[in-house]
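Colleague: I have a model open and want to learn how to read a sheet in it. Can you walk me through one?

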Amino acid sequence: MKNLRFIVHPGGKLTGRIRVPGDKSISHRSIMLGSLADGVTEVSGFLEGDDALATLKAFQAMGVEITGPTNGKVTIKGVGMKGLKQPADSLNMGNSGTSMRLLSGIVAGQGFSCTLTGDASLSKRPMKRVIDPLTLMGAKIASQDKGLPPLTILGSSRLKAIDYSLPMASAQVKSCVLLAGLYAEGETRVVEPAPTRDHTERMLRGFGYQVESTKLDDLATEIRLSGGGKLTATQIDVPSDISSAAFFMVAASIAPGSDLVIEHVGINPTRTGVIDILKLMGANIVLENEREVGGEPVADIHVCAAQLQGIAIPEHLVPLAIDEFPVLFVAASAAEGQTILTGAEELRVKESDRIQVMADALQAVGIDAKPTADGMIINGGTQRPQSAAIISHHDHRISMAMTVAGLRAVAPISIDDCANVNTSFPKFVELAQSIGLMVEAKEA
């Protein structure tokens, strides 16, 4: 992959109306469930980024006929719950943790053996968290030391349902167990200690599968399904990804004079932590034209510039904004006073160690940012970012977050190794330029 460098020039304000790419989580799941359904599933708004395409190619390799994506449209000829075929080679998940963790649940229920591989970054991400529950269900999985990829899932006898309490709030682990539960004998029960994104449960219901969710207390939820059912093809309109919209929500909040509308964004309540946190900081954000599309709530997000204030981020919002913290750290750097994040140790095992890498990046541009074991302390507002060369550590969200930081800088900021932005946000630079962000991409 060639090295791509972003160069961000200071100033600029964001105005106009845009639509960001489709939701990555929903795009992944549309391919998975569409492939396992009876009939033809049609998807529009599909995210044509490398991560979601890795999932699409994996199911093609297992014998599913999928056409597209063409302008976000994908047609999937489902093979039914038992129609997948053993792939001729290992399945490469690229940079996508979602693909590897969710697919491991599906493949564990098949009669064939299969190896899941990934790039250098994915090969360092923890998979023991899915290996453990799948092993309890009867799957046989070989991995590298400490449960790191590649994972080889051996064709095993029928899976058994389990009652599983997640050790930590993780939508990927929850989804992996539920997808394996489709193939398990009996009722699979998963208890999550705090809310996480519920796209898997919503989409399973959209494909006609019965899934029960029961709140146990203010935070914990139990999700139940029984194995042996079937999925029926449907139509899916993928809303725009709130994780992608978050970069422009922060950018429009911190760039004086900005007035921006981001259209058709998914506002699933398990994903709106970024909006809640920004509003607590004093952001001027209004949801307009709220509606429901294919079981998922969507809205247009109207953001105007505002002076943000530092806050102690409530821990119950952390799982609802886990992917948005790189750019929320940038918001904190522009806010007056101190912002404190705790309870976010999960950030250390993302595409990069997002606590350390963002602290390093913010310190490089002169921001007072102190990493902690489970979060960060940022003293913002006192200083505009200085010019610096930033290392993204192959992490798309670091590249885009530091692009937003460049809006308030006193001189240009360069960010190295940005080709990975294509995993989640194709055409990020062109869209950013179209609404007033002064950024250019150069091959280095």
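Modeller: We will take one sheet, strand by strand. Keep in mind that this is a predicted model.

Colleague: In what order do the four strands of the open sheet lie?

Modeller: The order is E2-E17-E19-E18, and the pairing is mixed. The twist averages 15° from one strand to the next.

Colleague: Which are the edge strands?

Modeller: Look for strands that pair on one side only. Here these are E2 (15–18) and E18 (284–293).

Colleague: In which sense do E2 and E17 pair, parallel or antiparallel?

Modeller: Parallel, over four bridges. E17 covers residues 259–266. To find the register, start at glycine 16, which faces leucine 260 in E17.

Colleague: How many bridges join E17 to E19?

Modeller: Six, and these two strands run antiparallel. Valine 261 has histidine 302 of E19 as its bridge partner.

Colleague: And how many join E18 to E19?

Modeller: Eight, again with the strands antiparallel. Asparagine 284 sits opposite cysteine 304 in E19.

Colleague: What links E18 and E19 in the hairpin?

Modeller: Two residues lie between them. Check the backbone there: glycine 294, in the turn, has a positive phi of about 55°.

Colleague: Where should side chains point along a strand?

Modeller: In a regular strand they alternate between the two faces of the sheet.

Colleague: How many residues of E19 are buried?

Modeller: Eight of its nine, counting as buried anything under 20% relative accessible area. So E19, residues 296–304, is mostly covered.

Note on methods
Residues are numbered from 1 along each chain as its sequence is written. This is a predicted model: local features need pLDDT of at least 70, side-chain atom pairs count only at pLDDT 80 or more; totals for chains, interfaces and linings use all residues. Side-chain values use heavy atoms; hydrogens and water are left out. Two strands pair if DSSP finds at least two bridges between them. Axes are lines fitted to C-alpha atoms, for helices over the stretch in contact, and angles run from 0 to 180 degrees between N-to-C directions. Buried means under 20% relative accessible area, exposed over 50%, partly exposed in between (1.4 Å probe, protein chains only).
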